[in-house]
Amino acid sequence: PPGFVQSSCRSRIFWMKLNKLLLQGKFFQLEINDPYAGLIPLDEKLASRCGYVLSEDVWGNPVFRASVLGCHVANEADELFSLTVNIKVSSFSSMRAATTYTYPMYCSYSSWASREIVCEENYMEVSVKTDVPAVSNDYTVAWLSALPETQNIAYQLWQLMFVSPSGRKTVTVSDAAKLGYSFNNTLYRVFLRAPYGSNESEVSMVSGVNMNMVTSTSMYRQRWLLLLIDTTVSCPVDGIGFTDTTLTWTVPSAIPTLVVQESTFLSKNVLMGVDDQVIVNPEEWNYLLEHNKTHIRITIPIGAKGGKLKSSISDGVYGVIYSIDLFLEHTWTDADWQTTKYTVIKSITTPFMPQIPTIVNNTLPEERLFNIAFGHFLPDVSLVAITIGKVPFTLREAQHQGFKIYETPFSNRTKGFILEVSFDDPYVLKEYVNRNETKYTLLVNYTLSVGPEMTLYYHSAEVESVVADIEIPEAVGYCDEENLYLAIPTFGLHQYWNLYLGNKLLNRHVALINGYLPATNSTHLILQVPLFAVGVTYEEVSFQKIKARFDVALRKVRTMETLQMFSVSCSFNSSAFIICHPDGTVMISAQMKTVPAIDMSKTKLRDSSCKPREYNEGHAFFKFHVTTCGTSVRFEGDHIIYENEIFYEKETLPGQSTPIITRDPDYRLTVLCYYRAKETLVLGAFASDPSTSPPFGSGTIVPRSNIAVNRRIRKALNVVSRVSKDESFVEFYEPKVAILKQPVEPVFLEVELKDESPDAELYLDNCWVTGSLDFNGTPRWNITEDG
């Protein structure tokens with residue numbers, strides 16, 4: 001087919017290349033078509049002995065090279081050469097039903113040097129003109145020592161003598177062939193072809209390069225002629241070096257085994273080439289060709305023109321390998337050989353070079369779109385699938401999901417893959433961060449097919465973008481005559497934030513227990529809080545006026561960080577209330593409706609020194625601490641109860657001699673404050689019915705009266721009290737006698753009502769002792785409380 005085969009003749013070598021694109025999915029085989037010997041299948045053993053090379057170029061195209069001195073090459077006067085190759089192509093590995101293409105190649109080569117050496121990939125070849133003087137005038141030449149042995153050379157038969165560290169070995173040409181060598185002569189030349197690493201070879205270092213050398217003398221004897229030809233050959237086996245960015249190939253300039261009289265050595269020309277093409281100006285290809293007395297060095301940047309970068313995977317790591325097919329021609333002269341043409345063909349491949357792919361985040365937050373560039377890759381890499389989060393997608397499925405995936409070229413002949421994913425895609429992770437920001441995280445795992453082997457390679461990436469796209473809600477507060485209200489937007493509640501009353505989560509259950517009335521509409525939560533409910537803080541309390549505030553904290557769901565305080569504060573007019581502050585302060589606005597009216601200025605607490613701070617005709621305002629003013633304390637269950645009383649100033653009615661105690665009706669106001677015993681956090685001050693068991697400072701005012709209307713009827717009472725010496729109440733202390741008691745000693749007091757009126761009853765509530773006859777005398781000590 002057209003374009004299937006390309007051929008050329010370069011450095012007296014046939015070059016043939018097959019187009020791999022026309023061989024895809026098929027098998028091929030080469031045969032040498034010799035008109036005399038017939039079809040000769042090409043195998044590895046035959047190739048090295050006959051001067052053939054079968055390999056691939058860096059692009060994967062099959063390459064066949066053959067020396068013009070190779071087996072089955074037709075030779076016309078050492079100037080015209082021809083070789084016919086059969087190319088068999090089949091769809092089966094057994095090569096059945098193969099199609100055969102016959103391809104003849106021709107090479108014209110007449111500018112032979114006195115000695116030509118070819119260093120191929122699998123063989124070394126030296127050819128020498130037979131008219132060159134066989135013996136040097138320098139009798140120190142090592143091979144001249146073979147002269148005594150020439151007496152044993154067979155008549156009219158070529159023989160080879162190898163000199164190696166193990167000694168000398170003389171063999172016939174047919175025996176040499178069994179050792180892997182090939183020796184023959186043409187009309188004007190003799191040549192020796194040797195494999196690398198044979199038993200007769202040795203390796204020595206020249207100018208830092210290891211050289212494989214076969215030292216040999218070809219010998220031919222006739223009746224009057226003895227022909228000795230030096231067929232020594234030496235070729236480099238290494239000399240390759242690498243850096244991260246370049247490769248170097250070094251070949252010695254003067255090789256001692258090939259140049260006997262080094263003082264006469266003169267380098268004439270150095271050429272380099274890629275494949276079968278000579279590079280006239282290496283600098284135009286960005287190559288560097290250096291040549292001095294010791295070595296020739298070629299430096300090529302990794303990835304330069306003429307070579308090929310190939311993707312590869314090693315231990316799960318992506319990387320590249322650079323390959324290039326080079327040849328070098330060095331022509332020199334010396335006194336022994338006149339002109340030597342030295343050709344080295346070298347296929348160079350770098351070691352695996354890891355190339356960790358990069359992720360470039362081109363995300364535009366304002367567009368709410370992830371834009372990720374993933375690269376750089378060679379053209380032999382393809383994206384076959386992606387995984388977002390933990391969900392795998394083929395490229396078709398990814399496009400259907402709404403992801404955008406496309407290739408993008410880069411300037412250095414590489415490419416990358418662009419992935420676009422919306423912030424709002426359900427597979428994007430979203431996390432509320434900071435005050436009003438959302439962190440969007442895209443977790444992606446790429447699956448790529450690498451190289452012609454289509455090896456799968458996986459690479460994961462994580463890209464984040466933080467966007468200020470959350471609006472912190474603002475609450476609106478207002479009040480009516482008895483309640484405080486907070487209207488709070490419901491957007492983001494329980495998703496980003498929670499409402500807290502102090503350190504307690506304010507949910508519907510807590511709201512109802514505390515006496516709040518929550519209500520919601522499509523946009524807001526409206527919280528109705530009674531004036532005397534749990535959580536209300538009283539900023540200012542005065543006579544008939546309360547300034548109250550209710551606070552709710554907006555906190556992050558996860559971190560509990562407080563972002564905002566929602567507050568509503570209002571002033572209320574209230575004629576009667578009791579406020580029990582968490583710090584133990586009690587404020588009371590008491591309303592006493594009696595007939596006749598009480599003089600509110602004469603009301604007081606148990607400690608008569610605790611009088612109202614403000615008052616008018618119907619109200620009195622008290623403020624005191626639970627540790628003062630005669631306040632008593634007791635425990636009931638998990639509550640602490642503080643109790644005091646507001647009552648009217650006791651009056652004394654005049655009598656004939658000894659004053660007689662008189663008393664108003666039994667109207668009194670008992671003040672109770674309830675506190676939870678185990679609560680440690682102060683939320684505010686509250687007032688409510690103790691049956692609701694609020695957490696702090698609930699208070700009640702309990703009027704003590706057994707009549708429908710609290711009517712003050714003045715009446716003299718005949719009450720007598722005595723102190724007993726012990727609990728038997730048999731012996732009593734005399735009146736006006738000082739009685740000494742320790743604070744913890746009991747006092748046995750008897751109080752007797754002498755009145756015989758059937759509607760008179762005696763209730764003993766509080767008894768105290770003072771140091772004077774004045775009922776209001778201080779100090780005073782309580783003996784009994786509440787009967």
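**Exercise 1. Find which residues Ile386 is in contact with, leaving aside its neighbours within four places in sequence, and work out where Ile386 sits.**

*Solution.* Start with the contacts. Once neighbours within four places in sequence are set aside, Ile386 is in contact with Val391, Pro392, Phe393, Ala398, Phe403, Ile405, Leu419, Val444, Asn445 and Tyr446. A quick heads-up before going on: this is a predicted model.

Next, look at the strand pairing. Strand E32 (residues 381-388) and strand E33 (residues 391-394) run antiparallel and are joined by four bridges. Within that pair, Ile386 stands opposite Phe393 in E33, and Phe393 is also one of the contacts listed above.

Then check the turn. The hairpin of E32 and E33 has two residues between the strands, and Gly389 takes a positive phi near 65° there.

Finally, zoom out to the core. The largest nonpolar core has 83 residues, and Tyr342, Ile386 and Leu419 touch the most other members. Strand E27 (residues 317-334) supplies the largest share of this core, seven residues. Another core, of 39 residues, lies apart from it and includes Tyr432, Tyr538, Phe550 and Phe566. As background, nonpolar side chains tend to be buried together in soluble globular proteins.

**Exercise 2. Work out the order of the four strands in the open sheet that contains E30 and E34, and say which strands stand at the edges.**

*Solution.* First, the order: the sheet runs E30-E31-E35-E34, with antiparallel pairing. Strand E30 (358-361) and strand E34 (404-409) each have a single partner strand, so these two stand at the edges and one side of each is left without a neighbour in the sheet. From one strand to the next, the twist averages 25°.

Now take a closer look at one pair. E34 and strand E35 (residues 415-422) run antiparallel, with six bridges joining them. To get the register, use Glu407, which stands opposite Phe417 in E35.

**Exercise 3. Track down which residue forms a salt bridge with Arg12, then do the same for Arg368 and Lys439.**

*Solution.* Begin with the total: the chain has 26 salt bridges, counting a side-chain nitrogen of Lys or Arg within 4 Å of a carboxyl oxygen of Asp or Glu.

Arg12 pairs with Glu125, and their closest N and O atoms are 2.7 Å apart. Arg12 lies in the loop between strand E1 (5-10) and strand E2 (13-18), while Glu125 is in strand E11 (residues 124-129), so the pair ties together parts that are 113 residues apart in sequence. Both Arg12 and Glu125 are buried.

Arg368 meets Asp469 in a salt bridge of 2.9 Å, N to O. This pair links distant parts of the chain, 101 residues apart: Arg368 is in the loop between E30 and strand E31 (369-377), and Asp469 is in the loop between strand E38 (455-467) and strand E39 (476-479). As for exposure, Arg368 is partly exposed at a relative accessible area of 25%, and Asp469 is partly exposed at 29%.

Lys439 meets Glu431, at 3.5 Å from N to O. Glu431 counts as partly exposed, with 28% relative accessibility.

One last step is to follow shared partners. Doing that joins Arg12, Glu116, Glu125 and Arg193 into one network of salt bridges.

**Exercise 4. Decide whether Glu643 and Gly637 are buried or exposed, and describe their surroundings.**

*Solution.* Take Glu643, which lies in strand E53. Its relative accessibility is 5%, and the cut-off for buried is under 20%, so Glu643 counts as buried. The side chain of Glu643 makes a polar contact of 3.2 Å with the side chain of Arg606. Another polar contact, of 2.7 Å, joins the side chains of Glu643 and Arg634.

Now Gly637, in the loop between strand E52 (632-636) and strand E53 (639-646). Its relative accessible area is 79%, and exposed means over 50%, so Gly637 is exposed. The C-alpha atoms of Gly637 and Ala677 are separated by 8.7 Å, with the two residues 40 apart along the chain.

**Exercise 5. Sum up the whole chain: how many helices and strands does the chain have, and what share of residues count as buried?**

*Solution.* The secondary structure comes to four helices and 61 strands. Of the 787 residues, 45% count as buried. For contact range, take contacts between residues at least 6 apart in sequence: 60% of them join residues at least 24 apart.

How values were computed:
Residues numbered from 1 in each chain as written. Predicted model: local features only at pLDDT ≥ 70, side-chain atom pairs only at ≥ 80, totals over all residues. Heavy atoms only, no water. Pairing = 2+ DSSP bridges. Axes fitted to C-alpha atoms, helices over the stretch in contact; angles between N-to-C directions. Buried < 20%, exposed > 50% of the residue type's maximum accessible area, 1.4 Å probe, protein only. Core = buried A, V, L, I, M, F, W, Y, C linked by side-chain atoms within 4.5 Å. Contact = heavy atoms within 4.5 Å. Polar contact = N/O pair within 3.5 Å; in protein donor to acceptor, adjacent residues only side chain to side chain.
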